[in-house]
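The following exercises introduce a protein structure step by step. Each task is followed by a worked solution.

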Amino acid sequence: MTPDPHTPGRPLLPVASARQTWTTLGAQFRARPGLSAAAATVLVVAAAGGLVAPWVLGRLVDDVIADAPVSRIAGRVAVIAAAAVLTGLLTALGAALASRLGETVLARLRERVLDRALHLPSATLERAGTGDLLARVGDDVAVVTNVIAVSGPAFVGALLSVVLTVFGLVALDWRLGLAGLVAAPAYALALRWYLRRSAPYYRGGAPRSGPAGP
């Protein structure tokens, strides 16, 4: 049991660790391999499609400078337009598949939460208090809903775009890829700094050391 920071001495219901959370989510996704694979594939292709336009645009600039035939320039423009349309459609499809997958997983998690809540021993519920249980099935469910249906797909799409952009830079010139990776340590350190200080607040406790800062 975890002590309630707002009511000293009153234990709260256990809080899942990050490892337990990822294990549970992974099991839910593995239980739906077809939908999970379809969503992942479409998101990857959509992210890759977003890199087509900048690459072709560079070739278009080279063609204009070299005074290439109009047909070649028109072909480049057509490819950029087609890539933009296709990327938009794939992005929408990927978001729909990810939302469907997320909502399905969320429904199963809600069923598990409700089942566990209904089978809690009365002594445990009395020690923890009804407020903690209501928060788990109310506020916590709302947070998980936002992560699975909104923040999660957006994060995955952004991560895929970053990874594929780095591969694209390396494919063009290894020096460009190296320049793109220079900023990676700074982002990693900033993310680590933020997570170490923000996670205790999200859990309802205090940071380990020092204020979280602006």
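The structure shown is a predicted model.

**Exercise 1. Classify the two partners of the salt bridge between Glu 111 and Arg 108, and place them in the chain.**

*Solution.* Begin with Glu 111, whose relative accessible area is 48%. Residues count as buried under 20% and as exposed over 50%, with partly exposed in between. Glu 111 is therefore partly exposed. Arg 108 has a relative accessible area of 33%, so this residue is partly exposed. Next, consider the positions: the two residues are three apart in helix α4, which means that about one helical turn separates them. Finally, the contact itself: their side chains meet in a salt bridge, at 3.8 Å from N to O.

**Exercise 2. Determine how many salt bridges the structure holds, and describe those formed by Asp 63.**

*Solution.* The structure holds three salt bridges. One of them joins Asp 63 to Arg 72, with 3.9 Å between the closest N and O atoms. The cut-off for such a pair is 4 Å, so the value of 3.9 Å qualifies. Asp 63 also forms a salt bridge with Arg 76, where the closest N and O atoms are 2.8 Å apart. This second pair links distant parts of the chain, since Asp 63 belongs to helix α3 and Arg 76 to helix α4, 13 residues apart.

Now compare each residue with the accessibility limits. Asp 63 has a relative accessible area of 7% and is therefore buried. Arg 72, at 47% relative accessibility, counts as partly exposed. Arg 76 counts as partly exposed as well, at 24%.

**Exercise 3. Describe how helix α3 and helix α4 are arranged.**

*Solution.* Two packed helices are described by the angle between their axes and the distance between the axes. Helix α3 spans residues 52-65 and helix α4 spans residues 70-118. Their axes come within 9 Å and cross at roughly 165°. Because angles over 145 degrees count as roughly antiparallel, α3 is roughly antiparallel to α4. The crossing of these two helices is left-handed.

**Exercise 4. Describe how α2 and α1 each pack with α4.**

*Solution.* Take helix α2, residues 33-49, as the starting point. The angle between α2 and α4 is about 150°, and their axes are 8 Å apart. The two helices are therefore roughly antiparallel to each other. Their crossing is left-handed.

Turn next to helix α1, which covers residues 18-30. This helix packs with α4 at an angle of about 120°, the axes being 10 Å apart. The angle makes α1 oblique to α4. In this case the crossing is right-handed.

**Exercise 5. State where Thr 24 lies and how far it is from Leu 109 in sequence and in space.**

*Solution.* Thr 24 is found in helix α1. Its relative accessible area is 25%, so Thr 24 is partly exposed. Along the sequence, Thr 24 and Leu 109 are 85 residues apart. In space, their C-alpha atoms are 9.0 Å apart.

**Exercise 6. Locate Asp 67 and explain what is notable about its phi angle.**

*Solution.* Asp 67 sits in the loop between α3 and α4. Most residues other than glycine have a negative phi. Asp 67 is not a glycine, yet its phi is positive, at about 55°. With a relative accessible area of 68%, Asp 67 is exposed.

**Exercise 7. Identify the residues of the nonpolar surface patch and place Leu 159 within the structure.**

*Solution.* The patch is made by Phe 155, Val 156, Leu 159, Val 163 and Phe 167. Its area is about 480 Å². Leu 159 lies in helix α7, which runs over residues 139-172. At 44% relative accessibility, Leu 159 counts as partly exposed.

**Exercise 8. Summarise the elements of the protein chain and give the share of its residues that count as buried.**

*Solution.* The protein chain has nine helices and two strands. Reading from the N terminus, the order of elements is β-β-α-α-α-α-α-α-α-α-α. The chain has 214 residues, of which 21% count as buried.

Notes. Residues numbered from 1 in each chain as written. Predicted model: local features only at pLDDT ≥ 70, side-chain atom pairs only at ≥ 80, totals over all residues. Heavy atoms only, no water. Patch = residues over 30% accessible without salt bridge, like charges linked within 9 Å, V, L, I, M, F, W, Y side chains within 5 Å. Areas by Shrake-Rupley, 256 points an atom, 1.4 Å probe, with all protein chains shown as cover. Helix = DSSP H or I, 4+ residues; strand = E, 2+ residues; numbered from the N terminus. Buried < 20%, exposed > 50% of the residue type's maximum accessible area, 1.4 Å probe, protein only. Axes fitted to C-alpha atoms, helices over the stretch in contact; angles between N-to-C directions. Parallel < 35°, antiparallel > 145°, perpendicular 65-115°, else oblique. Left-handed = near helix turned anticlockwise from the far one by under 90°.
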